[in-house]
Amino acid sequence: MTIDPKEAANALGAVAVVERRTREALYYAGASSILILWGVAWAIGHAITFAAPTLANAAWVVINVVGTVASLLIGFARSRRRARPWDWRLGIAFVVMIVFGMFTQWLLGATQWREISAGMWIGRFFILSGAFVVLVVLADYAWGGAWFNLWLGTVGGGAMVLGGVWLRRVGAGG
Amino acid sequence: MSTPNELIHQSMRLKIMAALNVLSGEAQLDFTRLKALVGATDGNLGAHLETLEKAGYVAIEKLFVGKKPQTRIKATSAGRRAFAEHVTYLRGILNGGGS
């Protein structure tokens, strides 16, 4: 069997493409549960903010803490199921992002946080869904009025849950 | 220099092994997902998987999830080793090692 450099390059190129697609599918499958979790958390948080504004601050603290712990547990369980060592850098990065978000919210004040758009997103799907959530927030900011939190909870949270379900379909479970 | 692996070098089988090799340990891919990842048809993928299974490079598990049949595939350690050796061989050609 003789393989020339051009054929070798083509074969290695095909391998690289399939490896990238597979990693993407695995990542999407892993992210789906976390996206659904935060969609539900987002919906609950905004529903409480709408229905009982005086409880909102305490509710968001609880939701953020529970959501963060649950996300870390999901990531940890998934890495164990795949027999892949848990990379604590991911967990630390996630906590840093949450702390950064809370700090920004505190720095900008309770009413100005509406102007904050999407955070850090990875991959094409996340750019698209992040852009969609930004549009939802901006539309709500402009026209939501008294329904601001209810709109964010149902449309924003619902979009995240649907996004998570879609990711589960396109992702590759193990 | 290592020798080429003719069985794995076939383009579809190379893609199948590339996809399965990304998974770690005992992790499996289901047939439908693998088909989408490598861009194969049902019959084509089935035939190549059979060849790889006979060579001991993949393990195929057929089970029922509820009433739905499901086929799950994983790379064996021999398959991973053969794939890695073939990729090393291909890289060697590009680095001037000749074929």
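**View 1. The bend in helix 1 of chain A, in a predicted model.** Helix 1 of chain A turns by about 30° at A:Ala31 (the bend is the angle between axes fitted to the seven residues ending there and the seven starting there). This helix (a DSSP run of H or I with at least four residues, numbered from the N terminus) has 47 residues and reaches 67 Å from first C-alpha to last, close to the 69 Å expected at 1.5 Å a residue; the expected span is 1.5 Å times one less than the number of residues.

Residues are numbered from 1 along each chain as its sequence is written, and chains are lettered from A in the order in which they are written. As the model is predicted, local features need pLDDT of at least 70, side-chain atom pairs count only at pLDDT 80 or more, and totals for chains, interfaces and linings use all residues.

**View 2. Helix 1 of chain A meets helix 2 of chain B.** The axes of helix 1 (residues 5–51) of chain A and helix 2 (residues 11–22) of chain B come within 8 Å and cross at roughly 40° (axes are lines fitted to C-alpha atoms over the stretch in contact, with angles from 0 to 180 degrees between N-to-C directions). The two helices are therefore oblique to each other, that is, outside the ranges under 35, over 145 and 65 to 115 degrees. Among the residues that meet here are A:Val15 and A:Val18 from chain A, and B:Leu14 and B:Val22 from chain B; contact means C-beta atoms, placed from the backbone, within 7 Å.

**View 3. Helix 2 of chain B packs with helix 3 of chain B.** Here the angle is about 120° and the axes are 10 Å apart. B:Met12, B:Lys15, B:Ile16 and B:Ala19 of helix 2 meet B:Leu34, B:Leu37 and B:Val38 of helix 3.

Note on methods. Two residues are in contact if their C-beta atoms, placed from the backbone, lie within 7 Å.
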